[in-house]
Amino acid sequence: MIALKNEKEIKKIKEASHIVFLAHEAIKKAIRPGITTRELDKIGEDVIRANGANPSCKGYPQGSKNPFPATCCISVNDEIIHGIPSDRKLQEGDLVSIDIVADKDGYFGDAARSYVVGGNNPEAERLIKVTEECFWEGIKNAVIGNRISDISHAVQMHAEKNGYSVVREYQGHGVGFEMHEDPGVPNFGKPGRGPRLQEGMVIAVEPMINEGERYILEGDDGWTVYTEDGSLAAHYENTIVITKDGPKVLTMD
Ligand code: MF3
Ligand code: CO
């Protein structure tokens, strides 16, 4: 069941999304060689709590024997998603991906960013740039009357045209009343499939793009997802709402 959101609800989702944006901005400023991923996680958590919101990933899923233990998913180099913050120190040239969900008053926003630590890693910079472009190419199709897989297809085409591959085991999702809602938003597939996009649909579009092959490995911690071939991966995600005037991105301001 796809839960459409009304204007009032979208305002509340925007509030949560804005806090996710603020957390990303604070972390971006703090990223430098030598900082640990746990320190970055704390910066994100502090921003979220200071704004009266809740770090949705911490303790998720409820009742699990192995819930996610932190605020931010922080994934480095060949880690694609769901990396657990730790005492690992970031190094010059690392590719770091940060995924943050916050909820306030029962409304959720979700966004991910990838960065090169320090600078001077053109290979990683190009992967990040193309991953961001995949998001924008995808949401060009996020217009009323299109179908979900029109987004998916555009993401896949742009990644593969650039010599990269798309992770298939994880996907975007509806968001807003919960962290994960219907519909799923794959990053690959034929166009013209899946639910039709309607006004008031709120979705997280989140290309996960590998430099090498698309295959993944699941880590022993029960969370971290790696590229099978050890190549770099990047992740870029925003929460968007489908409107009569096209897609509106909620997690960029
Ligand atoms: N931002 C992630 C997503 O897009 C949230 C999963 S992190 C978890 O699905 F730890 F909460 F699982
Ligand atoms: Co998401």
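Where is N120 found? In this predicted model, N120 is found in the loop between β5 and α3, the helix spanning residues 122–139. The backbone there is worth a look: N120 has a positive phi of about 65 degrees, even though it is not a glycine. A second residue of this kind is D105, again not a glycine, with a positive phi of about 50 degrees. D105 is placed in the loop between β4 (95–104) and β5. As a backdrop, most residues other than glycine have a negative phi, and most peptide bonds are trans.

On the peptide-bond side, Y60 and P61 are joined by a cis bond, with omega at about -10 degrees. P61 belongs to the loop between β1 (54–55) and β2 (72–76). Another cis bond runs from D182 to P183, and its omega is near 0 degrees. P183, for its part, is found in a strand, namely β8 (residues 181–185).

Now for the metal. The cobalt ion (ligand 2) takes its protein donors from D110 (OD), H173 (NE2), E206 (OE) and E237 (OE), which lie 2.0 to 2.3 Å from the ion. Written as a sequence pattern, the donor residues of the cobalt ion are spaced D-x62-H-x32-E-x30-E. The pair D110 and H173 links distant parts of the chain: D110 is in strand β5 (residues 107–116) and H173 in strand β7 (residues 172–174), 63 residues apart.

Then there is ligand 1, which sits in the largest pocket. Around ligand 1 there are 14 residues, and those that come nearest are C57, D99, D110, H180 and E206. D110 and E206 thus turn up here as well as among the donors of the cobalt ion. Sorted by class, the shell around ligand 1 holds seven nonpolar, three polar and four charged residues.

As for polar contacts, D99 puts a polar side-chain atom 2.6 Å from a nitrogen atom of ligand 1. On the oxygen side, E206 has a side-chain N or O atom 2.8 Å from an oxygen atom of ligand 1. E237 also has a polar side-chain atom facing the ligand's chemistry in this sense: that atom lies 3.3 Å from an oxygen atom of ligand 1. On its own, ligand 1 has 320 Å² of accessible area, and the protein covers 96% of it. E206 and E237 are cobalt donors, and E206 and E237 each have a side-chain atom paired with an oxygen atom of ligand 1.

Definitions and conventions. Residues numbered from 1 in each chain as written. Chains lettered and ligands numbered in written order. Predicted model: local features only at pLDDT ≥ 70, side-chain atom pairs only at ≥ 80, totals over all residues. Heavy atoms only, no water. Near = heavy atom within 4 Å. Polar contact = N/O pair within 3.5 Å; in protein donor to acceptor, adjacent residues only side chain to side chain. Areas by Shrake-Rupley, 256 points an atom, 1.4 Å probe, with all protein chains shown as cover. 1 Å grid on protein atoms, 1.4 Å probe; cavity = no way out; pocket = protein on both sides within 12 Å on 5 of 7 lines; lining within 4 Å. Sits in = over half its atoms within 2 Å of the grid points. Nonpolar A, V, L, I, M, F, W, Y, C, P; charged D, E, K, R; others polar. Donors = N, O, S within 2.8 Å, 3.2 Å for Na, K, Ca; no water. Helix = DSSP H or I, 4+ residues; strand = E, 2+ residues; numbered from the N terminus.
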